[in-house]
Amino acid sequence: MENKHRRAADIVMIAVFVIIIFGFALALIIKSDRDFSEMENRNLAQKPELSWSSIKSGDFSDGLESYISDQLFAKDALVTLKTDFDRLLGKSYQNGVYLIKDSDGRLRYVQKYTEDREQIRENAECLNDLADKLSIPVDMILVPNVSAYTLDKLPAGADCNDQKKSVEYVGSILSDKIGFYPMTETLAASYEQNYYLTDHHWTSWGAALAAEDYLRRSGQLAADGAVNKEPSETVKDFYGTLYSKAPSAFADPDVLEIGSSCGVAEIEWVAEGKSGDNLIERSFLEKKDKYAAFLGGNFAQVRIRTGREGEKVLILKDSYANAAVQYLTEQYSEITMIDLRYYRMQERSVSELCEDYGVDRVIMLYNMDFINEDRNFVWLS
Amino acid sequence: MLFSSTTFLFVFLSLVLACYFAVPRFLKNAVLLVFSLVFYAWGEPVYVFLMLGSITVAYLTGLFCDKQKHSGRTALISVIAAVVWNLGLLLFFKYTNFFIENANSLMHMNISPFKDLKLPIGISFYSFQTLSYVIDVYRGGVKSQRNFLNLATYVTLFPQLIAGPIVRYQTIEEQLVNRRESLQQFSRGVKRFAVGLGKKVILANNIGALFSEISAAPQAEMSVCASWLGIIAYTFQIYFDFSGYSDMAIGLGKMFGFDFLENFNYPYISDSITEFWRRWHISLSSWFRDYVYIPLGGNRKGKVRQCVNIMIVWFLTGFWHGANWNFMMWGVYFGIILLCEKLFLLAFLKKLPRIIRHIYALLLIVIGWGIFAFEDTSALLRNLKNMFGLGGLPLWNGGSDKFWLMQNAILFVILIIASLPLFKKLGEVLTVKLPTAYGCVIEPACTAFLLIVSIAYLAGNSFNPFLYFRF
C-alpha cells in the first residue's frame, strides 16, 4: 500500500514536470510566431538561420535565445504573473513605475520623476530665445504629471521629486515675454479623473479643463465662457504604456473619451503628405495604444484648418497636446502643431513659419516630464 | 548555456530527456556526452577542444597509472604531467592577465596583457575533477576508466559542468556504467530541480537586484544601514544562487540516474566559521582537504606545520574563486578566523549561549561577503568603511535606505525562512502525517508553482546574472 502511494506520488510529480517543460517546448513548435508585440511595442525575434557560419559566430545561439524568449507561449500572461508576484513580495516600484491605489481602490501607475534642473534651465532658455525673436503673443501651458499629486501615496522612502517645485522653477526662469499658465492648481481637484490609471498621459477631461482654464485666464474666452467638455464617444479597455512596463492582472483599464469637436475642415500631416477631416485616427482605437488615436500620434508638423472663425495659432507641443487640441478647434481658425522631436529647422525656423502662416499667437504646450528630459529644444536656436 | 534560461528549459532539457530515454542502454552515455558538449559549446564553441584535451590527458594518465602494467616510475611521471597540464591550463587562462597586470603595476614593467583571453567557463570545476581522477587513480583509490566515452561523460556531464558541485570520480564511478533510472529518482530530481530553479530565479535574482542597486548608488544616497542592507542582500544572493545551481545540478543528475553528493547544508545556521565551511560548498572544501591539506601533512606534523597548512589551503581556496586580490583576501580572512577558532576561539565560544555564537558566525560571514563581493579594491574599501561608520555617512537617512528596506521586507523574511531547514522538517512531518495528500497533491503543486513562477520571471527578462564566470 505504501509503495503504491509512493508510486502514484512519483507519477504525479513527473507528470507536472513533463506537462510544463514539454508543454512549453511543444507550444513553441506548434504556435505560429508573432511578428510584433503590442504589449512591448516592438518587433519580435524570428527563427534564426541555421548555418555553419552562424553557429561559429555565435549568431545562432544568440538568435535562438532571443527567438525563444520573444515567442514564449503565453508570454504576456507570464509577465503579468511576474508583476503580481513581485507586488505580493511588497515591490510597489517596478521598472520605473510606482503602483499605488486610488481613493476608490483602483490600481494606478505613476511614473518616477527625477528633476534635472540643468536640463530644465537649458530648455527654458531655448523657449525664451524663441519668444525674444517673435513679436506676437507667446503663451506657455505647463502640465504637471500625475506624480505631482500622489507624492504622499508613493511607497515609503520613494525617491520621486516634487513636480510642483519644478513647475514653479520653470515659471521663475521663463522670460516675461511668455505668458505662463501652469496647470498645477487647475488639475489638482479630483486629479484622479484628469490622468489615466495605466498611461502616462492626461485624460481628455484633464486636457479639456486645462484648455478652458488657459483660454479664460488669457482672456481669449470670457470668464464664464466654457469649452464643450462632453465626449461624443467613449472607448473602453485602454491599457496604456505604463501598464506595459508592469502589467498587473489587477489593473483596471482606462476609458478614452473623444471630444465633440474633432471634425475639422482639413487636417494635413505636412511631411507625410497626408490629409483628412478628423482629429481622430480611428484605426488606433482597435489597437492597444489607443491614445495614439489623437492625430495618429506625434508628427513633425500637423496643420489643422478648423473651418471656424478665430486666430491662427502655432503650438509647440509634446504628446500631451494631442489630447488637448480637440478642445481648441472651436477657438481658432488655424492650428499648426510642431513637434520639435521630429521637426528640423532646415526648411524654415519657427519664426519663419509664424511669418509665412500669418500666425497670431504661439502656444507652448508641454508636460513637466518632457521639459525635464527632452533634448530637442536646442533645435529652436 | 545557463540552467536559468528558457532556451535550456524548453529546448535543451526537453531534447536531452527525450533522446536519453528513447535510446537503448548502451547509447545513454553517448547521448549525455553529445548533449553535454553542445551545452558547453553554446556561445563559446572553441573551448570544447580544450576540455576534450583535458579529458584525453586524464584518460591516458589513468591508463599509465595502472600499476599492474606499468612501473611506479611511469605512473609518477604521467600523473605529474597530468597535474602540470591541468594546473597549467588553469593558471594560464585564469591567472595570466592578473599576474601581468600586477607585475606591471608593482614592478613597473610593461608587459601587454592577453586582451582576447577569455576564461573558459567552468574550467575551475572540470580541472579539479580531472585532477581528482588522476590523483585517485595514482593513489590506487579508484580503478582507471578504460572506456574513453565513460570518462568523457563523467567530466562533461552537463548538470555539474559549469558551476559544480565538483563531483569526484569515485562518487559516480559505479553509476557511470551501472545505473538504473527510476520513477522515484526522477521525481526526486524534478522536485530538487524546481527548488533549485526557484532559489536562483525567484530568490537570488530578486535580492541580487537590490544588491546591485545599492552598490551602484552614489555615496550621497548611502547610509550605514544601507551598506549593511546591501551586503546582507548579497549574502542571500550568493547562497541562493550557488546552492540553487547545486540543487539544479543534483536534481538533473537524479533525472538521469546519478546521485551526486550534497554541496550545501544550510550554511547560515552555523555557530562558527569552522561549521560554516563544513556546510558551504562542501565539494570544494573537501577537495582542498583531500588533495592539498592532507598531502601537505595536515595536522600530523605538529601545530606550526598545521597552521601553515591551513593558511596555504585557505589562500588557495580564496584564489580559486577568481584572479583578483579580493578573493585572496577573502580566503586569507577565513584562514585566519579558522586558525583562531582551531587554536582557542572554539573552546571559548562553547561557553557562550547559542544565539551569541550564531550572531558571531553570521557577522563574520556577512563581512566576508563584503570582501568577496567587490573586485574593485577601492569600492571594497569604501564599502567596508561605510559599513563600520567610517565613511562619514548617517546611520540612517530615512530616504533611499527606507525605500530599499520596505520594498524588500517581505522578501527578506522569506529569505531568512528559506535559509533555515524549516521546509525540510515540515516536509518530513507531512510525509509521515499525510503521506498521500502530501506526496500526490502538496508536493507536486508546490513544484508546479515554483516552475511556473520561475518561468514567469524568466519571461519578464528580469535581472538574471551568472555569478561564476570568474570561477
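1. In what order do the 8 strands of the open sheet in chain A run, and is the pairing mixed or not? In this predicted model, the order in chain A is β7-β6-β15-β13-β14-β12-β10-β11, and the pairing is mixed. The edges are formed by β7 (178-182) and β11 (274-278) of chain A, each of which pairs on one side only, and the twist from one strand to the next averages 20°.

2. Within this sheet, strand β12 (residues 301-305) of chain A runs antiparallel to strand β14 (residues 332-338) of chain A, and 5 bridges join the two. A:R303 has A:T336 in β14(A) as its bridge partner.

3. Helices also pack on the sheet of chain A. Helix α7 (residues 163-173) of chain A touches β6 (138-143) and β7 of chain A, with a direction that makes about 170° with that of β7(A). Helix α9 (residues 204-217) of chain A lies across β6, β7, β14 and β15 (361-367) of chain A, and runs at about 140° to β7(A).

4. Turning to chain B, the axes of helix α8 (residues 183-216) of chain B and helix α16 (residues 400-419) of chain B come within 11 Å and cross at roughly 140°, which means that α8(B) is oblique to α16(B). The crossing of these two helices, α8(B) and α16(B), is left-handed.

5. The residues that α8(B) brings to this contact are B:L203, B:N206, B:I207, B:L210, B:E213 and B:I214, which meet B:W404, B:N408, B:L411, B:F412, B:I414, B:L415 and B:A418 in α16(B). By type, the residues of the contact of α8(B) with α16(B) comprise 10 nonpolar, 2 polar and 1 charged.

Conventions: Residues numbered from 1 in each chain as written. Chains lettered and ligands numbered in written order. Predicted model: local features only at pLDDT ≥ 70, side-chain atom pairs only at ≥ 80, totals over all residues. Heavy atoms only, no water. Axes fitted to C-alpha atoms, helices over the stretch in contact; angles between N-to-C directions. Helix = DSSP H or I, 4+ residues; strand = E, 2+ residues; numbered from the N terminus. Parallel < 35°, antiparallel > 145°, perpendicular 65-115°, else oblique. Left-handed = near helix turned anticlockwise from the far one by under 90°. Contact = heavy atoms within 4.5 Å. Nonpolar A, V, L, I, M, F, W, Y, C, P; charged D, E, K, R; others polar. Pairing = 2+ DSSP bridges.
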